[in-house]
Amino acid sequence: MEKFTDEFVISEWEIDTPDGWKDILKIFKTIEYEIFEIQLSDGKQLKCADEHIVINENNEQVFIKDLIVGDNIKVKEGISQVISIKQTGTYEQMYDIEIDSDEHVYYGDNILNHNTTTTAAYILYEIIFNQNPVHAAVLANKGSTANEILSRIKSMFEELPWFLKPGVVEWNKGSIELGNGSKVLAAATSSSSIRGKSISLLMLDELGHIDNDFEFYESTYPVISSGKKTKVIITSTPKGMNLFYKLWSDAIDKRNGFLPLKFLWDAHPSRDETWKNETIKNVSRRTWDQEFECVSGDTIINIDNEFIPITTLYEKLNIINNKNDKI
């Protein structure tokens with residue numbers, strides 16, 4: 001099913017984003033979606049589609065329809081709590097925005113919104129342009145997050161010119177299948193997510209934030225290791241010394257086959273120390289270290305207002321003990 005019914009090229013409009021005002025490139029008129037209304041603790045209100053995406057306090061993308069009262073989402077001034085959600089039962093055509101920004105996030109009524117992911121684009125490329133069918137799985141710490149990534153893949157597919165699109169065999173909320181035999185499955189991380197399935201491309205999103213991570217990985221790895229050309233993409237911010245920490249550390253020391261890539265906040269050309277200081281004011285220092293510096297809040301300790309990694313502290317303590325000094 002096509003998501004958009006019309007498009008308009010824009011050259012003179014801008015929209016507010018966390019990185020300043022950005023050009024709007026296109027506006028798309030969509031099919032009908034159910035209207036949801038949310039109200040936040042700071043008085044902000046938003047009317048939008050049920051599948052409109054906002055960003056929660058953990059930098060996760062969440063459908064409006066999957067929010068619950070008490071959830072915290074990002075707004076221009078920082079974080080605000082959802083105090084009311086109303087499902088109106090009314091359906092209307094909406095408008096989607098394409099902006100000139102690598103981050104693809106913008107403010108709507110001062111609430112941070114999102115409209116694409118890079119990994120989704122890579123998965124789309126793989127399922128279309130391989131000679132052999134690719135069976136991909138997108139697993140995330142929450143089912144709604146996995147479905148959101150799948151929805152990005154669908155949206156990108158819909159925007160391709162007709163001559164690049166394979167036929168569509170299946171187009172469901174949690175899976176798609178193309179006429180060339182390629183498939184994509186979206187699900188929450190669990191020991192049975194892809195058990196018994198043949199997977200040649202696996203994405204694990206926010207691996208550092210799932211429960212029973214070692215049990216999950218032990219049950220999943222035999223599935224992905226059965227193929228000689230299976231690709232695995234793991235994306236996550238850190239959270240303690242868990243499975244993601246082990247895989248990352250082993251990749252750094254070349255003890256496994258993963259290629260470690262770290263992208264910090266200052267990789268973005270428009271982000272500087274001023275932006276950093278303003279962001280820290282809007283979130284806690286612990287959140288900043290975890291979400292932007294890739295230092296887990298569960299592995300750092302605050303001593304005289306200086307955040308020190310626990311592993312570094314252990315090293316310092318060992319040195320002191322070896323010298324028989326008092327602590």
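**Figure 1. Parallel pairing of β11 and β15 in the predicted model.** In this predicted model, β11 and β15 run parallel and are joined by 5 bridges. Within this pair, A137 has L202 of β15 as its bridge partner. The two strands belong to an open sheet of 6 strands, ordered β12-β13-β14-β11-β15-β16, in which the pairing is mixed. At the edges stand β12 (168–171) and β16, each of which pairs on one side only. On average, and with direction ignored, neighbouring strands of the sheet are turned by 10° against each other. Helix α2 packs on this sheet and touches β11, β12, β13, β14 and β15. The direction of α2 makes about 155° with that of β14. In general, strands of a sheet pair through backbone hydrogen bonds, in either the parallel or the antiparallel sense.

**Figure 2. The β12–β13 hairpin.** Strands β12 and β13 pair in the antiparallel sense, with 3 bridges between them. The connection from β12 to β13 is a hairpin through 3 residues. One bridge links E170 to its partner E177 in β13. Residue E177 is also among the contacts of S182, a residue shown again in Figure 4.

**Figure 3. Helix α1 and the nonpolar core.** Helix α1 comprises 12 residues, 118–129. At 1.5 Å a residue the helix should span 16 Å, and its end C-alpha atoms lie 17 Å apart, which agrees. The buried residues of α1 are T119, A120, I123, L124, E126, I127 and I128. Their cover includes the helix α2 (143–159) and the strands β11 (135–140), β13 (175–178), β14 (183–188), β15 (201–205) and β16 (231–235). The largest nonpolar core has 21 residues, and those with the most contacts inside it are I123, L124, I127, V138, I153 and V184. Two or more residues of this core come from each of α1, β11, α2, β13, β14 and β15. Helix α2 gives the largest share, 6 residues. Apart from residues up to four places away in sequence, L124 touches I153, M156, F157 and L160. A second core, separate and of 15 residues, includes I194, L202, L243 and L247. In soluble globular proteins, nonpolar side chains tend to be buried together.

**Figure 4. Polar contacts of the buried S182.** Residue S182 is located in the loop between β13 and β14. Its relative accessible area is 2%, so S182 counts as buried, the limit being under 20%. A polar atom of the S182 side chain lies 3.0 Å from the backbone oxygen of I127. The backbone nitrogen of V134 likewise lies 3.0 Å from a polar atom of this side chain. With neighbours within four places in sequence left aside, S182 is in contact with I127, P133, V134, I176 and E177. Among these, I127 is a buried residue of α1.

**Figure 5. Positive phi at E206 and K254.** Most residues other than glycine have a negative phi. Residue E206, which is not a glycine, has a positive phi near 55°. This residue occupies the loop between β15 and α3 (213–224). With a relative accessibility of 10%, E206 counts as buried. Residue K254 is likewise not a glycine, and its phi is positive at about 60°. The loop that holds K254 runs between α4 (243–252) and α5 (273–282). Its relative accessibility is 74%, so K254 counts as exposed, the limit being over 50%.

**Figure 6. Surroundings of F292.** Residue F292 lies in the loop between α6 (285–291) and β17 (300–303). With a relative accessible area of 12%, F292 is buried. Its C-alpha atom is 5.8 Å from that of L264, although the two residues are 28 apart in sequence. Beyond residues up to four places away in sequence, F292 touches K74, L264, W265, R271, W275, T279 and T287.

Notes: Residues numbered from 1 in each chain as written. Predicted model: local features only at pLDDT ≥ 70, side-chain atom pairs only at ≥ 80, totals over all residues. Heavy atoms only, no water. Helix = DSSP H or I, 4+ residues; strand = E, 2+ residues; numbered from the N terminus. Expected span 1.5 Å × (residues − 1). Buried < 20%, exposed > 50% of the residue type's maximum accessible area, 1.4 Å probe, protein only. Contact = heavy atoms within 4.5 Å. Polar contact = N/O pair within 3.5 Å; in protein donor to acceptor, adjacent residues only side chain to side chain. Core = buried A, V, L, I, M, F, W, Y, C linked by side-chain atoms within 4.5 Å. Pairing = 2+ DSSP bridges. Axes fitted to C-alpha atoms, helices over the stretch in contact; angles between N-to-C directions.
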